[in-house]
Amino acid sequence: MGGKFPVFMGFKVPTPDHIIRHLLWLSQQSLVPDSDANSIYNIYHALNDRNGRISDDSVKLLQGSNCVFIDNVGYCRATECFWNNHPFGQYRHQVGEHLKNFYSFLKRIGIDEEPQLDDYVDVLK
């Protein structure tokens, strides 16, 4: 809901920080917004659109939080997710193709294409 129309009508356009706080609250409560107006994908879409305005501190906060929703798993950290296959079984997750629409934002918070050396070390800890 960007642009001048919502402001003209008196609506407040949410800032990236408002959206991030909402996402973190949802994940802490293990809630998945499922209505069309509030779907998790709409939240990711809004953050992807505002990616350039998300502060580095907010990115760090998201990197350390369970904020990526994986079907049949729940919320997990972006650093536990990969775009491609991985050898870690239940200890890491492959994100679905439907999340590619939000690639810029999700990559920025830590989803890698494939595992790096430190991912292997983290799984062994």
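Leaving out neighbours within four places in sequence, Lys 100 is in contact with Trp 83 and Glu 113. The model is predicted. Lys 100 sits in the loop that runs between strand E4 (93–94) and helix H5 (103–108). Trp 83 is 17 residues from Lys 100 in sequence, and their C-alpha atoms are 8.4 Å apart.

Two residues with partial exposure are listed here.

| Residue | Location | Relative accessible area |
|---|---|---|
| Lys 100 | loop between E4 and H5 | 31% |
| Val 121 | helix H6 (residues 117–124) | 42% |

Both values lie between the 20% limit for buried and the 50% limit for exposed, so Lys 100 and Val 121 count as partly exposed. Val 121 also belongs to a nonpolar surface patch with Leu 117 and Tyr 120, and the accessible area of the three together is about 310 Å².

Helix H2 covers residues 16–28, 13 residues in total. From first to last C-alpha, H2 reaches 18 Å, close to the 18 Å expected at 1.5 Å a residue. Its buried residues are Pro 16, Ile 19, Ile 20, Leu 23, Leu 24, Leu 26 and Ser 27. Viewed down the axis of H2, these fall within an arc of 160 degrees, so they line one face of the helix. What do the buried residues of H2 pack against? Their partners are two helices, H3 (40–49) and H4 (56–63), and two strands, E1 (66–70) and E2 (74–77). Just after H2, Ser 30 has a positive phi of about 55 degrees.

Definitions and conventions. Residues numbered from 1 in each chain as written. Predicted model: local features only at pLDDT ≥ 70, side-chain atom pairs only at ≥ 80, totals over all residues. Heavy atoms only, no water. Helix = DSSP H or I, 4+ residues; strand = E, 2+ residues; numbered from the N terminus. Expected span 1.5 Å × (residues − 1). Buried < 20%, exposed > 50% of the residue type's maximum accessible area, 1.4 Å probe, protein only. Arc of directions from axis to C-beta. Contact = heavy atoms within 4.5 Å. Patch = residues over 30% accessible without salt bridge, like charges linked within 9 Å, V, L, I, M, F, W, Y side chains within 5 Å. Areas by Shrake-Rupley, 256 points an atom, 1.4 Å probe, with all protein chains shown as cover. Salt bridge = Lys/Arg side-chain N within 4 Å of Asp/Glu carboxyl O.
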